[in-house]
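Let's take a walk through this structure together, one piece at a time. Keep the 3D view open and follow along as we go.

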Amino acid sequence: MQLKLENHPCFNDSARHKFGRIHLPVAPKCNIQCNYCNRKFDCMNENRPGVSSRLLSPGQALHYLKQAVLLSPNISVVGIAGPGDPFANSEETMETLRLVRKEFPEMLLCVATNGLNLMPFIPELKELEVSHVTITINAIDPAIGAEIYAWVRHEKRMHRDIEAAELLIGNQLAALSALKAAGITAKVNTIIIPGVNDRHVLAVAEKVSELGADILNCLPYYNTKETVFENIEEPPADMVADIQKATSAFLPQMKHCARCRADAVGIIGEMNSEAMTEKLHEAARLPKNPSETRPYLAVTSLEGVLVNQHLGDADRFLVYGMDPATGTCSLIDSRPAPKPGGGQHRWEAVADLIGDCRALLCSSAGDSPTKVLNTKGIEVMVLEGVIEDAVTGLFKGEDIRHMTRNSRKHACSGTGGGCG
Ligand SMILES: C[S@@+](CC[C@H](N)C(=O)[O-])C[C@H]1O[C@@H](n2cnc3c(N)ncnc32)[C@H](O)[C@@H]1O
Ligand code: SF4
Ligand code: SF4
């Protein structure tokens, strides 16, 4: 199938009023922290990068896409742009791209990334005919990069200061060259941050043009609360225009970027419609794999109010269901746990016991039971808090990462979403 590359509304100015894009919010985590990005808040009226009203699994995303194209048949591009970084969630990202490519052979595929972990995936992106990739490159000088990035986490190691910026910039530039070698159209996003990199954008443009970038998107930084840069003013329009003019000596410019949400859908610049938002929320309420029928959630709890018991200590599993008519959750069963001992067999018995549950919620769990339950299709979610809040949130497809115990370890596994 010949893809119609000219129909991408972000890369082709003349296509933007005719064709729409859809962002599938399947990538919540990020592997770096930009000092201007906060993905914690979502307000449906807020149109900024890094926010998404729901998160989807790859299966849910495919279901949503099928509904979305019925409502908006002019969608020509499926993109993954967060809410975090596609390649900090590489399994979910690649699985989503595979599912979409299989079901929609004519669709343009697009990803927007910080580029840190892009390189290993370029061969498969090429194979899947992902035609457009955006890398956000805000600096090529590590001293300036060190002011923009609080930290970078790569291959299980944390990096800070100049070392972090050097690693990130090195990987970004190498990935850009590799994208071009693979024949993929590459856009570079550079966020203009007054007093930080505004005098450096020209140098970025020159370097990325040398490496073969196809188009540059110099977009104004958006002032966002609860970020390191929250006291920096947004750049005035004339600063943005001057930078775009100067950098056009090196590269064609994208000037109509709307700094979209990670769940943006439809024509660029228009708000998501209510009907579309309802489809997104509906998809998020489905089981992670929508073709599975596992209607319940299992919980371990000492007293039946809080998720507060280690899986290994559970003497019974509380099973919760949701009444789709009323949207209310209730306890439907309490199932005695198999007796301790028996190693692997005990966990297999637990998996059978709660085989109608899509996930087990507990305050901690060992690697071995987690593995057995995962293999049987039951997700083990380690979290703490009120049972009712957790199960209602999960059944409704809401973001409950504030309850997960891992979320307290790394600031950037917070909520939210956006693209480039
Ligand atoms: C939310 S990110 C998701 C994709 C990927 N993590 C990245 O950074 O390219 C999408 C785009 O939004 C931009 N962005 C995030 N917060 C922003 C802000 N406060 N102002 C302007 N652009 C922002 C990012 O720099 C990136 O170009
Ligand atoms: S999601 Fe994108 S913009 Fe936000 S911290 Fe990660 S890389 Fe930076
Ligand atoms: S954020 Fe900019 S590049 Fe990304 S989809 Fe919106 S308009 Fe296109």
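Start at Arg21, whose bridge partner in β3 is Val77. Keep in mind as you look that this is a predicted model. The pairing belongs to two strands, β1 (residues 20-23) and β3 (residues 75-80), which run parallel and are joined over 4 bridges. A little further along, His23 sits opposite Gly79 of β3.

Now look at which way the residues of β1 point. Gly20 and Ile22 face one way, while Arg21 and His23 face the other. Are these four buried or exposed? They are all buried. On its other pairing, β1 meets β10, and here the two strands are antiparallel, with 2 bridges between them. Ile22 takes part in this one: its bridge partner in β10 is Val265.

Zoom out and you'll see that these strands belong to an open sheet of 7 strands. Read across, the order is β9-β8-β5-β4-β3-β1-β10, and the pairing is mixed. So what happens at the edges? That's where β9 (215-220) and β10 (265-266) stand; each has a single partner strand, so one side of each is left without a neighbour in the sheet. Over at the β9 end, helix α6 (residues 201-210) lies across β8 (185-192) and β9. Its direction makes an angle of about 170 degrees with β8.

Next, let's turn to the helices, beginning with α1. Helix α1 (residues 58-71) and helix α8 (residues 274-285) have axes that come within 9 Å of each other and cross at roughly 160 degrees. The two helices are therefore roughly antiparallel, and the crossing is right-handed. If you'd like to pick out the contact by eye, look on the α1 side for Gln60, His63, Tyr64, Gln67, Ala68 and Leu71. Across from them, α8 brings Ala275, Met276, Lys279, Leu280, Ala283 and Ala284. Sorted by type, the residues of this contact come out as 8 nonpolar, 3 polar and 1 charged.

Helix α1 has another helix to deal with, namely α2 (90-103). The axes of α1 and α2 also come within 9 Å, but here they cross at roughly 35 degrees. This crossing is right-handed too. From α1, the residues involved are Pro58, Ala61, Leu62 and Leu65. From α2, they are Glu92, Glu95, Thr96, Leu99, Val100 and Glu103. How does this contact divide by residue type? It has 6 nonpolar, 1 polar and 3 charged residues.

Between β3 and α2 there is a loop, and Pro83 lies in it. It's worth a stop for its backbone: a cis peptide bond joins Gly82 and Pro83, with omega at about 20 degrees.

Two more backbone details deserve a look. Lys156 is in the loop between β6 (149-154) and β7 (157-159). Phi of Lys156 is near 65 degrees, which is a positive value in a residue other than glycine. Lys156 is exposed, because just 5 other C-beta atoms lie within 10 Å. Then there's Asp161, in helix α5 (residues 161-181). Asp161 isn't a glycine either, yet has a positive phi of about 55 degrees. How exposed is Asp161? With 16 C-beta neighbours inside 10 Å, Asp161 counts as partly exposed.

Finally, move along to another open sheet, this one formed by 5 strands. Its order is β14-β13-β11-β15-β16, and again the pairing is mixed. At the edges you'll find β14 (328-336) and β16 (379-382), each pairing on one side only. Ignoring direction, neighbouring strands of this sheet are turned by 25 degrees against each other on average. Inside the sheet, look for strand β11 (residues 296-299) and strand β13 (residues 316-323), which run antiparallel and are joined by 3 bridges. To find a spot where they pair, go to Val299: the bridge partner in β13 is Leu318.

Note on methods:
Residues numbered from 1 in each chain as written. Chains lettered and ligands numbered in written order. Predicted model: local features only at pLDDT ≥ 70, side-chain atom pairs only at ≥ 80, totals over all residues. Pairing = 2+ DSSP bridges. Contact = placed C-beta atoms within 7 Å. Axes fitted to C-alpha atoms, helices over the stretch in contact; angles between N-to-C directions. Parallel < 35°, antiparallel > 145°, perpendicular 65-115°, else oblique. Left-handed = near helix turned anticlockwise from the far one by under 90°. Nonpolar A, V, L, I, M, F, W, Y, C, P; charged D, E, K, R; others polar. Buried ≥ 20, exposed ≤ 12 C-beta atoms within 10 Å, placed from the backbone.
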